[in-house]
Amino acid sequence: MAYIDFQNVTKVYGIGEAAVFANKDIDFEIEAGEFVVILGPSGAGKSTTLNLLGGMDQLTSGKIIVAGQELSRLDDEGLAIYRRDKVGFIFQFYNLIPNLTVLENVEMSEQISHKANQAQKYLTAVGLSHRLHNFPAQLSGGEQQRTAIARALVKEPSLLLCDEPTGALDKATGQQILQLLLEQNKALSTTVIVITHNPSIANIANKVISIKDGKIESIELNPQPLTVAEIDW
Ligand SMILES: Nc1ncnc2c1ncn2[C@@H]1O[C@H](COP(=O)(O)OP(=O)(O)OP(=O)(O)O)[C@@H](O)[C@H]1O
């Protein structure tokens, strides 16, 4: 069985005439250790897919299985444990806590997930050892995203879910962020899923799942992904 299995996943928001099919009969599989891009225009249903996969929202029908566990069978506590222990999240606008320092932001994630004291190690790995005691507002966008990556990685997640992680960054900074995600994928076989509306980014993925109007448009394997330096946008 694949590491992630989406089977006929449908998510409807609202009811009656106001109903929106944000995901409609979505089927895909992702193997452990893959670097996957979910690609599609605004409103296609990408964030909905990621939120369902991250245990942040409940599906309307279908099945989502991650590492042999069916998410829709988990109660709120089970979903909280799944999010805490298995999944690292990276968002377009970083979602750091403004009144905590860089180090404290990462330590908080570490404490919630009961991991060993490694916040400094992860912040050093993303190139922020000189920024530990700064607040998020004192950092550039790229530095804030690096902090968010360290915060996600300190949990040692098996799955890293990234919602437009370069969407608020210039190209050079965005490339550095993608490189960090790729290195994590290669070094520790962390399964990485990046959602984006930017087709250039899809070139670095092993698998590209294209979504349009809530439905799968195509699933393509990329036997020879480009390096980050080779992509342009
Ligand atoms: N909580 C909600 N309530 C009602 N409708 C919603 C909700 N969340 C999403 N939708 C609708 O579901 C559809 C898919 O939205 P989704 O955010 O998943 O798309 P997306 O591909 O991530 O778009 P974007 O790139 O703009 O973030 C849209 O029509 C959106 O308006």
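User: How many helices and strands does the protein have?
Analyst: Keep in mind that this is a predicted model. Going by its secondary structure, the protein has six helices and 10 strands.

User: And what does the globule rule give for 233 residues?
Analyst: The radius of gyration of the protein is 17 Å, so the protein is as compact as a globular protein of that length. Its C-alpha atoms fill a box of roughly 50 × 40 × 35 Å along the principal axes. The value from the globule rule is 17 Å.

User: Which residues have the most contacts inside the largest nonpolar core?
Analyst: Buried residues make up 39% of the 233 residues, and the largest nonpolar core has 56 residues. One of its best-connected members touches V194, T196, I201, A202, A205 and V208, leaving aside neighbours within four places in sequence, and that one is V37. The full answer for the core is V37, A150 and L161.

User: What share of the contacts between residues at least 6 apart joins residues at least 24 apart?
Analyst: V37 gives a feel for this, since its contacts include V194 and V208. Across the protein, among contacts between residues at least 6 apart in sequence, the share joining residues at least 24 apart is 68%.

User: Which element gives the most to the shell around the ligand?
Analyst: The ligand is surrounded by 13 residues, with Y13, A22, S42, S47 and T48 the closest. Two elements give two or more residues each, β2 (20-30) and α1 (46-53). With three residues, the one that gives the most is α1.

User: How many polar residues does that shell around the ligand have?
Analyst: Splitting the shell by class, there are four nonpolar residues and one charged residue. The count of polar residues is eight.

User: Is α1 largely enclosed or largely open?
Analyst: The buried residues in α1 are K46, T48, T49, L50, L52 and L53. That's six of the eight residues, so α1 is largely enclosed by the rest of the structure. After the helix comes G55, with a positive phi near 70°. As for the helix itself, the word is enclosed.

User: K46 is a lysine in that helix, so is K46 buried or exposed?
Analyst: K46 sits in helix α1. Beyond its neighbours within four places in sequence, K46 is in contact with I38, G40, I195 and I211. The cut-off for burial is 20 or more other C-beta atoms within 10 Å. K46 has 26 such neighbours, so K46 counts as buried.

User: What about K63, where is that residue and how does K63 count for burial?
Analyst: K63 is in strand β4 (residues 61-66). Setting aside residues up to four places away in sequence, K63 touches Q7, E70 and S72. K63 has 14 other C-beta atoms within 10 Å, so K63 is partly exposed.

User: Which strands stand at the edges of the open sheet of four strands?
Analyst: The order in that sheet is β2-β1-β4-β5, with antiparallel pairing. Seven bridges join β1 (residues 4-13) to β2, and one bridge pairs K11 with N23. Each edge strand has a single partner, so one side of each is left without a neighbour in the sheet, and those strands are β2 and β5.

User: In β7, which residue is the bridge partner of G88?
Analyst: Strand β6 (residues 87-90) has both faces covered, with V87 and F89 buried on one side and G88 and I90 buried on the other. Four bridges join β6 to β7 (residues 159-163), and the two strands run parallel. Within β7, the partner of G88 is L160.

User: Which residue in the loop between β6 and α3 has a positive phi without being a glycine?
Analyst: Most residues other than glycine have a negative phi. The loop between β6 and α3 (102-112) holds an exception with phi near 55°. That residue has 14 other C-beta atoms within 10 Å, which makes it partly exposed. The residue is N95.

User: And where is E156, which also has a positive phi?
Analyst: E156 is not a glycine, yet its phi is about 50°. With 17 C-beta neighbours inside 10 Å, E156 counts as partly exposed. Its place is in the loop between α5 (141-153) and β7.

Conventions. Residues are numbered from 1 along each chain as its sequence is written. This is a predicted model: local features need pLDDT of at least 70, side-chain atom pairs count only at pLDDT 80 or more; totals for chains, interfaces and linings use all residues. The radius of gyration is taken over C-alpha atoms; the globule rule is 2.2 Å times the number of residues to the power 0.38. A residue is buried if 20 or more other C-beta atoms lie within 10 Å of its own, exposed if 12 or fewer, and partly exposed in between; C-beta atoms are placed from the backbone. Two residues are in contact if their C-beta atoms, placed from the backbone, lie within 7 Å. A nonpolar core is a set of buried Ala, Val, Leu, Ile, Met, Phe, Trp, Tyr and Cys residues joined through C-beta atoms within 7 Å. A residue is near a molecule or strand if its C-beta atom, placed from the backbone, lies within 6 Å of it. Ala, Val, Leu, Ile, Met, Phe, Trp, Tyr, Cys and Pro count as nonpolar, Asp, Glu, Lys and Arg as charged, and the others, Gly among them, as polar. Two strands pair if DSSP finds at least two bridges between them.
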